[in-house]
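Let's take a friendly walk through a protein model, one piece at a time. Have the picture open beside you as you read.

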Amino acid sequence: MSWKWEYAFGAEDAARTAPTDFLAAVEHKADELVRAAEALHVHGRAHDGFDPEGHDVIVTGGMFRYQVVVRSERVYVVQITCLGF
């Protein structure tokens, strides 16, 4: 299994109506977070500790909250907020 990111919970529904330029910024930053998590947790599937705390990331047009789940080798985007004005 390799590291990936995906929308979770209501973020997937919110992404359906968000502007494409905002979503592109979210996806670009999520790709960066995946590369960082993969470098930090080389043996992710064997991880037996706690997952790191989730954080907010500000991007052009809004922000998003993410959570890293090491054993699943996933970065989950759990909330997106588009300022859209």
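## A core to start from

This is a predicted model, and a good place to begin is its largest nonpolar core, which has 21 residues. Among these, Tyr7, Phe64, Val75 and Ile80 touch the most other members.

Several elements build this core: helix H1 (11–15), helix H2 (20–40), strand S2 (55–59), S3 and S4 each supply at least two residues. The most comes from H2, which gives seven residues.

## How the strands pair

Now look at strand S4 (residues 74–82). Strand S1 (residues 4–7) runs parallel to S4, and four bridges join the two. Find Tyr7 again: its bridge partner in S4 is Val77.

S4 also pairs with strand S3 (residues 62–69), this time in the antiparallel sense, over eight bridges. Here Arg65 has Gln79 as its bridge partner in S4. S3 and S4 form a hairpin with four residues between them. In that turn, Glu73 has a positive phi of about 55°.

## Two residues to zoom in on

What does Ile80 touch, leaving out residues up to four places away in sequence? The list is Tyr7, Ala11, Ala14, Ala15, Ala18, Phe22, Leu23, Met63 and Phe64.

Next, try Met63, which lies in strand S3. With residues up to four places away in sequence again set aside, Met63 touches Phe22, Asp56, Val57, Ile58, Gln79, Ile80 and Thr81. Met63 and Thr81 are 18 residues apart along the chain, yet their C-alpha atoms are separated by 5.3 Å.

Methods: Residues are numbered from 1 along each chain as its sequence is written. This is a predicted model: local features need pLDDT of at least 70, side-chain atom pairs count only at pLDDT 80 or more; totals for chains, interfaces and linings use all residues. Side-chain values use heavy atoms; hydrogens and water are left out. Two strands pair if DSSP finds at least two bridges between them. A nonpolar core is a set of buried Ala, Val, Leu, Ile, Met, Phe, Trp, Tyr and Cys residues joined through side-chain atoms within 4.5 Å. Buried means under 20% relative accessible area, exposed over 50%, partly exposed in between (1.4 Å probe, protein chains only). Contact means heavy atoms within 4.5 Å.
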